[in-house]
Amino acid sequence: MTSPGPSSLPLLAGEGLPPFEAITPEQVQQGIPVLLEELNSELTALESQLEQRLGESTPLGWNEVMEPLHHLGERLRWSWGVVSHLNGVCNTPELRDAHQSQQTAVVAFGSRAGQSRVIYRALEGLQQQAEQLDGTQQRILEAELRDMQLRGVGLEGTEQEAFNATTTELAKLASDFGNHVLDATNTWSLKLTDPAEVAGLPDSLKELLAQAARQAGDEGATAEQGPWLMGLDMPRVVPFLKYSQRRDLRETVYRAQVARASSGDLNNWPLIERILALRLEQAQRLGYANWAEVSLASKMAGSVAEVEQLLEELRAAAYPAAQQELEQLKAGANRHGALEAAELKPWDVSFWAEILRQESFELNAEALRPWFPLEQVLQGLFGLCQRLFDIRIVSTDPGEAPTWHPDVRYFRVLDGASGNPLAGFYLDPFSRPGSKRGGAWMDECLGRSTSRAGEPVLPVAYLICNQSPPVGDAPSLMTFDEVETLFHEFGHGLQHMLTTVERPQAAGINNVEWDAVELPSQFMENWCYDRSTLMGMARHWQSGEPLPEAEYQKLLAARTFMGGSATLRQVHFALTDLRLHSQWTPDGGQSPEQLRREVARTTTVLEPIPEDAFLCCFSHIFAGGYSAGYYSYKWAEVLSADAFSAFEEVGLDMEDEVVATGRRFRDTVLSLGGSRSPAEVFEAFRGRSPSSEALIRHSGLTTQAR
């Protein structure tokens, strides 16, 4: 078979910024088989060379093994990474079909490479030369050998065949799960035609609902007159549940939201049981008791018991606070004569929490939007990064870098002192419910490495958010939550982009233990409350007036409002995930949902309604990388809160000390990536081991620090 060159198949370029718009579903169908054929041939040739060298007396060197392995893996990561990225941000039925049609072959190649006995022996040979390797190389080798063990390199015959078949099935199930969630979100809508049905909704949401109606065919829809089209994507659901005065409509929307992907053709319940059963099988094939043990083998936490201990510590601190918060909401609703004989229901919580927040702090979250136009928030974020980390971020002109949608922008990151280029990143900020999956994430476009030609490759990140888009003549006016989300994802991006590690296998977020990878992202969120950062970027988009001091003080005061409920919610998710992967079995007489509701007895203060099928949309653990790892958010939050407290200790208004601490953070957490263990990296920055005291204080809770 003659391979079409990169000019005819841009998907095979394998380097540089991808030509996104040239990569069609047809390209995927044609290009991925060509790529896999080439990679299989290269892998066979490499195995042959290594086999020959293993029989010689001269030991193999690092570059003979690791360099060709990296370039093999990078070609697949580059091409398949583009396909997976586009599947997440420009989803179409055609692209989805193309992705699914090639996924099995891609997984099969990964299994073949991950189970190569020759490569495993070559890696073991390198490990025996430990005295000639630096600490980074030793960590990379340990991780490579462990990952090959977890991919079944030690299995033989029918056992390995079964393992590989299961790996393939799990990949398909994860893809199906995510598609079901996307489709279930997109297929539900509620048309509102009476102004009474939008009572209480802020103008920005009414305009967003009118815009959705126009896109659905009601060309004359306006924010004032309607019709308004409600959907289940977060930019519409969250403010609707918070502000709608129509309790019946809040109930309708809430019930639809929590029941997504739990019935009909998009039912994820059978997928959940199958995924959990297969993961348990895989774990036992590898010699582990359960999937949680497999997951923790590559994480900072040492055991399931250690994770349970942290979660119980947080649960014990959060539960009484959450109970008290619920009573305050009930009292507030009763004061307004709203509940009478009715109980407080889940669709009431956001609404009454917002009213209580406004009464307690006179803080209207929606009214703050005009002070946070996207462009100013970006300038504030970039200014903070210049101040702390001595980098300069510049926007490129349209067309200078290839993009996948008109909303997407490309930025360059320069060293503040020398002006030399360090990295780049794409920003795709706005929600597109029809084609873009929900949530926010950072992913790798290019990693720091050296090309086959010996040229340095600078890191490039994808930063994806789903915030409120521009509406009418107004720019994207962000909620404070959306501001925090942008800062969070940028923290991930900084660790990817500011790495100084020369070995690609440990550069940026590579080889960083999963439960430490949220450290820089959660760390950046803290700066949203820092006076100079917040007041520097919060200016009214029309008048240019700064955010009033009183509003800033209210934001600070409200930071820990409902903090017990927020912490308890995360503990509920994390403990459910951990127990599903450490305790649930197919023949245990309990469904995954029954186990989740058992966990809910001590991790929720308002029982989930019967229709609540949250697990059917828990994409983090069933379609993402967080299986038996959702606890990582809280584990890393201990690290991030403690890291930020280093700045608090020197004084946030002491400029020289803040700058010096920022440089130290860049030179450790952001620079060292996966070249050293997270505990070592943290200690290099903080001068000691982490403590949970700062997190509990930041959350407005009190308990004993561990």
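**Exercise 1. Decide whether Ile696 is buried or exposed, and place this residue in the fold.**

Solution. Start with the accessible area: Ile696 has a relative accessible area of 5%, and because buried means under 20%, Ile696 is buried. Bear in mind as you work that this is a predicted model. Next, find the element: Ile696 lies in helix H25, which spans residues 693-698. Finally, look along the chain to Glu655, 41 residues away in sequence; the C-alpha atoms of Ile696 and Glu655 are separated by 26 Å.

**Exercise 2. Find out how many disulfides the structure holds, and check the surroundings of Cys445 and Cys528.**

Solution. Recall first that a disulfide is a covalent bond between the sulfur atoms of two cysteines. The cut-off to apply is a pair of cysteine sulfur atoms within 2.5 Å. The structure holds zero disulfides. Take Cys445: the nearest cysteine sulfur belongs to Cys90 and is 14 Å away, so Cys445 is in no disulfide. Now take Cys528: here the nearest cysteine sulfur is that of Cys385, 11 Å away, and Cys528 is in no disulfide either. As a last step, look at accessibility. Cys445 counts as buried at 3% relative accessibility, and Cys528 counts as buried at 0%.

**Exercise 3. Describe the place of Glu444 and list what this residue touches.**

Solution. Begin with the element: Glu444 sits in strand E6, residues 441-446. Then turn to accessibility: with a relative accessible area of 13%, Glu444 is buried. Now search for partners, leaving aside residues up to four places away in sequence: Glu444 touches Arg77, Val460, Tyr462, His496 and Asn510.

**Exercise 4. Work out how helix H4 is set against helix H5, and which residues meet.**

Solution. First locate the pair: H4 covers residues 117-127 and H5 covers residues 135-150. Their axes come within 10 Å and cross at roughly 150°. Angles over 145 degrees count as roughly antiparallel, and H4 and H5 are therefore roughly antiparallel to each other. The crossing of H4 and H5 is left-handed. Next, name the residues: from H4, Ile119, Tyr120, Leu123, Glu124, Leu126 and Gln127 meet Leu141, Glu142, Glu144, Leu145, Met148 and Gln149 from H5. Sorted by class, the contact of H4 with H5 has seven nonpolar, two polar and three charged residues.

**Exercise 5. Do the same for helices H8 and H9.**

Solution. H8 runs over residues 234-243 and H9 over residues 247-258. The two axes come within 10 Å, crossing at roughly 140°. H8 and H9 are therefore oblique to each other. Their crossing is left-handed. On the H8 side, Met234, Val237, Phe240 and Leu241 meet Leu249, Arg250, Val253, Tyr254 and Gln257 of H9. Sorting these by class gives seven nonpolar, one polar and one charged residues.

**Exercise 6. Examine the crossing of H12 and H19.**

Solution. Find H12 at residues 304-335 and H19 at residues 563-582. Their axes come within 8 Å and cross at roughly 145°. H12 passes H19 in a left-handed crossing. The contact includes Val304, Leu311 and Ala318 of H12, and Leu568, Val571 and Leu575 of H19. By class, the contact of H12 with H19 has 13 nonpolar, five polar and four charged residues.

**Exercise 7. Show what surrounds Ala628.**

Solution. Ala628 lies in the loop between helix H21 (619-622) and helix H22 (632-650). At 0% relative accessibility, Ala628 counts as buried. Not counting residues up to four places away in sequence, Ala628 touches Trp291, Ala292, Ser295, Leu296, Asp577 and His581. Compare Ala628 with Val294: they are 334 residues apart in sequence and 8.8 Å apart in space, C-alpha to C-alpha.

**Exercise 8. Look at the backbone of Pro227, Asn511 and Met562.**

Solution. Keep the background in mind: most residues other than glycine have a negative phi, and most peptide bonds are trans. The peptide bond from Gly226 to Pro227 is cis, with omega near -5°. Pro227 lies in the loop between helix H7 (203-215) and strand E2 (228-230). Asn511 is not a glycine, yet has a positive phi of about 70°; this residue lies in the loop between helix H15 (480-497) and helix H16 (519-525). Met562 also has a positive phi, near 60°. Met562 is found in the loop between helix H18 (549-558) and H19, and counts as buried at 14% relative accessibility.

Conventions:
Residues are numbered from 1 along each chain as its sequence is written. This is a predicted model: local features need pLDDT of at least 70, side-chain atom pairs count only at pLDDT 80 or more; totals for chains, interfaces and linings use all residues. Side-chain values use heavy atoms; hydrogens and water are left out. Buried means under 20% relative accessible area, exposed over 50%, partly exposed in between (1.4 Å probe, protein chains only). Helices (H or I, at least four residues) and strands (E, at least two) are DSSP runs, numbered from the N terminus. Contact means heavy atoms within 4.5 Å. Axes are lines fitted to C-alpha atoms, for helices over the stretch in contact, and angles run from 0 to 180 degrees between N-to-C directions. Angles under 35 degrees count as roughly parallel, over 145 as roughly antiparallel, 65 to 115 as roughly perpendicular and the rest as oblique. A crossing is left-handed if the near helix is turned anticlockwise from the far one by less than a right angle, and right-handed if clockwise. Ala, Val, Leu, Ile, Met, Phe, Trp, Tyr, Cys and Pro count as nonpolar, Asp, Glu, Lys and Arg as charged, and the others, Gly among them, as polar.
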